[in-house]
Each structure stands twice: as structure tokens, then as C-alpha cells.
Amino acid sequence: MSGHGSPIPMTSHRAAPLSGTAEVPGDKSISHRSLILGAMCVGETVITGLLEGQDVLDTARAMRAMGAEVTRDEAGTWRVQGVGVGGFAEPDQVIDCGNSGTGVRLIMGAMATSPITATFTGDASLNKRPMARVTDPLALFGARAVGRSGGRLPMTIVGAEHPVPVRYTVPVPSAQVKSAVLLAGLNAPGQTVVIEREATRDHTERMLAGFGAAITTQVTEEGRVITLTGQPELQPQTIAVPRDPSSAAFPVCAALIVPGSDVLVPNIGLNPTRAGLFETLRDMGADLTYENLREEGGEPVADLRARFSPDLRGIEVPPERAASMIDEYPVLSVVAAFAKGATVMRGVKELRVKESDRIEAMATGLRAGGITVEDGPDWWIVHGRGHGDVPGGQTCESHLDHRIAMSFLVMGMATQSPVSVDDASPIATSFPIFERLMAALGADIRRRT
Ligand code: S3P
């Protein structure tokens, strides 16, 4: 949806102790991939626990526009009748990926080695984001891209008629770029090799193996070398999407800063490429435990129990952990405001090209709420004031960024004065039940008219 509806301003007031169980929605990364890979098999893939956020709904629509049959049985349960690798039809309309960088970049990759042409657009946030990081490697397969200056959407991709396999070292730590290249490699003959120097989320690799592709990962001095054999016949799957650790971050962080809280967030995947925030919070002295630790679908899963933690301390977040918590820095910076001392976050240049410039958006809002923040091109430092001593009282701009909106609403639960956001509507892209779920735990978030 590139048409952005009316803004929804919200104010978060000091919360009662948060308590209860927070059943957060399905994982966004895995939901996108389930629909796209389902569309690239012949036969029916059944998905349960799909995130029904706007980002994923836009990907479902795109898969329909490219020939797959995508139907919803009931909440979270979807079926995809795929068209097979190389079977995408040329869409007869512009593909609108709304707010979703993951959606557009993965779909561009998936179609780039088919002999079709597709034009992509998005909302004001997505149309500012860099796409050359994806179209550069797609050109090596033989695809052509024409977009706006700076490699921005709207953009047309002319898929390669005679794709060749590629060997590509991803220049930025990005699972979206890695995944776009792997999805393109599906319809290229021979072996496509992607090398990443820093490990990023590995859902595409795991799921491609699950769908029957020949894919291997070797850890070498160069980094992780991922080799995919092209033109497989992918086998339809039954997929149970795990709950999203990036959404779990919000009730967990809220519980840590609101006095008296004790919240259980069940069934959260702790894939090491995603769980960096929870380790970091524990390093800061958070009362966060993993209960009922188990393995499901080859991935570690636990119920997270988060309790109010009055003695949080600032730390230097290990930069090598950045990729495993890249979406969680905004809410971490809020927790850092309630910790004693400085929380130093380095090696996070990618935060500047997310749905918003997340360092800028958070630093501005935190400063307006009485917190000292220093920042540079790829680092920032939040000087925490300690529990009970964060003034708040500010109105923050969400910049069409769901995680900025949710982070500031979490902040307002524990500040001396309420915290407002100018527009909380982007929350629907990834966590449509946020307002309801937080209210059920004891939060006091009000819509302003
Ligand atoms: C995602 C990868 C990350 C992340 C995004 C989801 C994915 O983006 O920020 O929310 O599903 O592959 P980058 O690949 O740009 O780091």
C-alpha cells in the first residue's frame, strides 16, 4: 500500500505493572519467505502462523500478481499454489510493496532470472531506500534495472532471458541482499555462490534446504560461503511460522522498565542470527530468563520471562552482534535510557537506511525526552539516567517506521511524563495487535483525536 492512510497519533502514559502472557505474531522474515518460496514450487504450500501485517499482505498480493494462487483459510492459515521455479507470470500492474524493504528486495531477486518485466513501488519511506545493493548483483545474472536517481523506487526490472549463475560477496551485512541473490540463483543454471563476511539471519538458507534445494554453507576465512545449485524442483511444504523475536522485543523491554512487571512471551525462536538483543539485555543486568528451552523445526525456541529490572547498567554492545539484533536497536536505546551509564552501539551504519534513519529518529526523540545521546555515521551512545529518572513528556515523529513508533510508546510506559508519537499507523506493518496486546498486559496507550 503506497497510499498512507490518516495518521494515528498516540500517547503512552505511565503503565501499571505489566503482567500476563504476550502472544506476539508470526515472524515477518519467515512469513515473507514462506509466501515467496511457496510461489516458487509446483503444488500447494500450507502456512500456519503467518504474520498478517501489511508488509506480508503486500507480498501475498505481489505473488498473486505474478501468477501464484494465494488464499487465506482462517487467521494465520494460508495456502499457496505455486508456479514453480522460473514460472512467474508478468504482472500487468505495478507491484506495490508498501513499506516493506524485505518484500520488494526478495521479490526483485525471485523474478530477476525469469524472462518477465515488473515495475515496483512503495510508500514514501520505501521509495527513499537504496535498491542498488540488490540490483547490482542482479545485473550479474543478466537482469536490467531502471529506477529513479540513486537507485530508488519506482523501478522496473527486466528479468534475464538467459541467466548465468554468479559468485557474489555481499558488501554490506544484509540478509535481504543475500536472499535476493539466492532467490535469483534458483532459476540460473549451475551454482550460485554468495559470500557474507558477517553472518546475517539465515532463514532463506534454512528454508531453501527445507524446500528441497541443494544448498550448503561453509564457514571459511572469507566468511560464510553459501552455495546453491540452480533450477531445483522445489517441493511444497507445510510451514509453521514461529513467533517473531523482533516483535517479542517490545513486551520484553517494556516489562524490564515498568516497575513491578512480570511478563511471559511464549514460543520465541532464539536462532542465533536473531537473538542478539536478548543476550545484550542480559549483559545489561536484565531479569530475562529462557524457560522451557527446546528445539522446534531445527531451531532453538524458548518462553521468555521478563521482569522489572531496576538495576540495568549501560554496556558496550559487541559490534559483531549487530546483525543479530539490527532491528532491535531502537527499543534497546529506550532500555538504555533507563539504565545507569552509557550504552555504546558501534558498527551500526545499516540503521541509517532502514524504514527511517533509525539513529537520527531515536536520538531526536530521546533527546526531546531528556536523554543525552551522541551519534556519528555508524555509532551512537545513549547516556542512561537510571530507573525512575527519565523525564519524557515529548512528542516524537515516527517517520513511517513501525519500530520507532513502538519504541517510543514503550518509553512512555516508564517516563515521568507521557510520551506521544505523531503517527502510530505504521505499527500495522509488522505488529497489528500491538495496541491490544500491550493494553492487555497493563499498558495505558491512548489514541489522540
Ligand atoms: C530482513 C533483513 C534485515 C532486517 C529486516 C528483515 C530480512 O534487513 O532489518 O527487517 O527478512 O531479510 P537488511 O537485510 O537490510 O539488514
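**Reading the ligand shell, the helices and the sheet**

Helix 1 contributes three residues to the shell around the ligand, the most of any element. This is a predicted model, so let's see how some of its labels are earned.

Q: Which elements give two or more residues to the shell around the ligand?
A: They are helix 1 (28–39) and helix 5 (175–185). The residues around the ligand include Lys28, Ser29 and Arg33, and also Ala175 and Gln176.

Q: What makes Lys354 one of the residues around the ligand?
A: Being near takes a heavy atom within 4 Å. Lys354 is listed around the ligand, as are Ile326 and Asp327, so each of them has such an atom.

Q: Why is the approach of Arg33 to the ligand called a polar contact?
A: The cut-off for a pair of N or O atoms is 3.5 Å. An N or O atom in the Arg33 side chain is 2.7 Å from a ligand oxygen, so the pair qualifies.

Q: How do you know that Ser174 and Ala175 make polar contacts with the ligand too?
A: Ser174 places a polar side-chain atom 2.7 Å from a ligand oxygen. For Ala175 the polar atom belongs to the backbone, and the distance is 3.0 Å. Both values fall within 3.5 Å, so both count.

Q: How much of the ligand's accessible area does the protein cover?
A: On its own the ligand has 380 Å² of accessible area, and the protein covers 96% of it.

Q: Why is helix 9 called mostly covered?
A: Buried means under 20% relative accessible area. Nine of the nine residues in helix 9 (residues 329–337) are buried, so each has a value under that cut-off. Among them are Tyr329, Pro330 and Leu332.

Q: Which residues of helix 4 are buried, and what do they pack against?
A: In helix 4 (residues 132–141), the buried residues are Arg133, Val134, Thr135, Pro137, Leu138 and Phe141. Their packing partners include helix 3 (101–111), helix 5 and strand 9 (152–158). After helix 4 comes Gly142, with a positive phi near 110 degrees.

Q: Why are strands 22 and 23 said to pair?
A: Pairing needs at least two bridges. Two bridges join strand 22 to strand 23 (residues 419–421), so the requirement is met. These strands run parallel, and Cys396 has Val421 as its bridge partner in strand 23.

Q: What makes strand 22 (395–396) and strand 24 (444–447) edge strands?
A: Each pairs on one side only. The open sheet has the order 22-23-1-24, with mixed pairing.

Definitions and conventions
Residues numbered from 1 in each chain as written. Predicted model: local features only at pLDDT ≥ 70, side-chain atom pairs only at ≥ 80, totals over all residues. Heavy atoms only, no water. Helix = DSSP H or I, 4+ residues; strand = E, 2+ residues; numbered from the N terminus. Buried < 20%, exposed > 50% of the residue type's maximum accessible area, 1.4 Å probe, protein only. Polar contact = N/O pair within 3.5 Å; in protein donor to acceptor, adjacent residues only side chain to side chain. Areas by Shrake-Rupley, 256 points an atom, 1.4 Å probe, with all protein chains shown as cover. Contact = heavy atoms within 4.5 Å.
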